[in-house]
Amino acid sequence: MEIVTGVHQLRIPFPEGIDRLTNAYVIEGSRGCILVDCGWDTSEAIWAFREELRIERMSFEDINWIVLTHAHPDHFGMAAKLRELCGARVVMHRADADLMHSRYADLRDVATALEAMLLSHGVPSSEAAEMREASGWGAQYVTTVEPDVVVDEGDVVSNGTFQLDVLHTPGHTPGHMCLYDSRKRRLFTGDTVLFDAIPHIGVAPESGYDPAGDYISSLERINEKSVSFVFPGHGPVFNGLGIRLTEILRVLDVRQRQILKVLDDGLKDAYQVSCGLPWTIDGSEVAYADLGPRERRIGVCEIIAWLRRLNSTGEIGALEQDGKTIYLAK
Ligand SMILES: [Zn+2]
Ligand SMILES: [Zn+2]
């Protein structure tokens, strides 16, 4: 669907019947089309991409650049195949291009580092092993891709009609980028700003120390831009960016207050904090014990991120004890 003049949204399905879609955007210009994100590498997704293009009266050959907002399978999975079909060049931020091998080609080192990190935050060894097993699911639905062009903050991707500034917005991944056309006031946000969800922000072996702090800084930088339309990687296109950013920051603040409350009655590691918090699945509140191994891994990594954030801002302290990191309210 052509959402605004020159910007077409393609909706690409998730694998295994999961009821979610990735938004890919084809941006028309006088020097060809830029594709922002694509989708998983499955037969259904590639077929859906073809059909969505056809509805827009376009073909693979119209696409000259494939720009990937970040290195998650639902955004880059089919990029290598599309590059062949389109004869296009793949563009990524340098920091996420660096993850391609360790996250998707050979997972062993990252999986080992993840398990060691979980153990050092109090996760019992049997559960940490389960979480490790559950962490590589997405890799089966991607083909790794080496970008033809790596970009950094301040670079511009242009097709003659749209001038997209690269905004480096780390947090969700270390090399996440948003693309901003200041003349037309269009912002392509990948997973950093969604209308109806908040992206996963968690510590991972490759995330750096404080991804939650990075994410908040990214939101604050985005808030300085004048934007009329936001084109996110999932869910509806929207305007009113400032209102949405305020709401996201409010929800994140509520989560930090919940964590501080759990720390009120004594020293705890990240696993104990996770067990003491409420969790949400499909809109319903559940206990930590009700989560599956993959959700537990995501959850504990999220809590480590917020504990580090609260430690960075001085609201809590962190201590090393018997090979574990424990936290206390100040
Ligand atoms: Zn993502
Ligand atoms: Zn996504």
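In this predicted model, the domain assignment divides the protein chain into domain 1, made of residues 2–104 together with 138–249, and domain 2, made of residues 107–137 together with 253–329. The centres of the two domains, taken over C-alpha atoms, are separated by 28 Å. Where the domains touch, 18 residues of domain 1 meet 18 residues of domain 2. On the side of domain 1 that touches domain 2, helix H5 (99–105) and helix H8 (211–222) each supply at least two residues, and H8 gives the most to that side, with 3 residues. Sorted by class, the residues on this side of domain 1 comprise 9 nonpolar, 6 polar and 3 charged.

A good place to begin a closer look is strand E4, which covers residues 33–36. From this strand Cys-33 and Leu-35 point one way while Ile-34 and Val-36 point the other way, and all of them are buried. This can be read against a broader pattern, for in a regular strand the side chains alternate between the two faces of the sheet. Strand E3 (residues 21–27) is joined to E4 by 3 bridges, and these two strands run antiparallel; within this pairing, Val-26 has Leu-35 of E4 as its bridge partner. E3 and E4 together form a hairpin with 5 residues between them, and in the turn Gly-32 has a positive phi of about 115°. E4 also pairs with strand E5 (residues 63–67), here in the parallel sense and over 4 bridges, with Val-36 standing opposite Val-67 in E5.

Further along the chain, Asp-148 is found in the loop between helix H7 (125–134) and strand E7 (149–151). Is Asp-148 buried or exposed, or does it fall in between? A residue counts as buried if 20 or more other C-beta atoms lie within 10 Å of its own, and as exposed if 12 or fewer do; Asp-148 has 13 other C-beta atoms within 10 Å, and it is therefore partly exposed. Leaving aside residues up to four places away in sequence, Asp-148 touches Arg-89 and Val-90. The C-alpha atoms of Asp-148 and Ile-27, which are 121 residues apart along the chain, are separated by 19 Å.

The next step leads to a pair of helices, H9 (residues 241–262) and H11 (residues 293–312), which pack with their axes 10 Å apart and at an angle of about 85°. Because angles of 65 to 115 degrees count as roughly perpendicular, H9 and H11 are described as roughly perpendicular to each other. H9 contributes Arg-255, Gln-256, Ile-259 and Leu-260 to the contact, and H11 contributes Ile-303, Trp-306, Leu-307 and Leu-310. By class, this contact of H9 with H11 has 6 nonpolar, 1 polar and 1 charged residues.

Finally, the reader can turn to an open sheet of 3 strands, which lie in the order E13-E17-E16 and pair in the antiparallel sense. Strand E13 (268–269) and strand E16 (316–321) stand at the edges, and each has a single partner strand, so one side of each is left without a neighbour in the sheet. E13 is joined to strand E17 (residues 324–329) by 2 bridges, the two strands running antiparallel, and Asp-269 stands opposite Ile-326 in E17.

Definitions and conventions
Residues are numbered from 1 along each chain as its sequence is written. Chains are lettered from A and ligands numbered from 1 in the order in which they are written. This is a predicted model: local features need pLDDT of at least 70, side-chain atom pairs count only at pLDDT 80 or more; totals for chains, interfaces and linings use all residues. Domain bounds come from an automatic or database domain assignment. Two residues are in contact if their C-beta atoms, placed from the backbone, lie within 7 Å. Ala, Val, Leu, Ile, Met, Phe, Trp, Tyr, Cys and Pro count as nonpolar, Asp, Glu, Lys and Arg as charged, and the others, Gly among them, as polar. Two strands pair if DSSP finds at least two bridges between them. Axes are lines fitted to C-alpha atoms, for helices over the stretch in contact, and angles run from 0 to 180 degrees between N-to-C directions. Angles under 35 degrees count as roughly parallel, over 145 as roughly antiparallel, 65 to 115 as roughly perpendicular and the rest as oblique.
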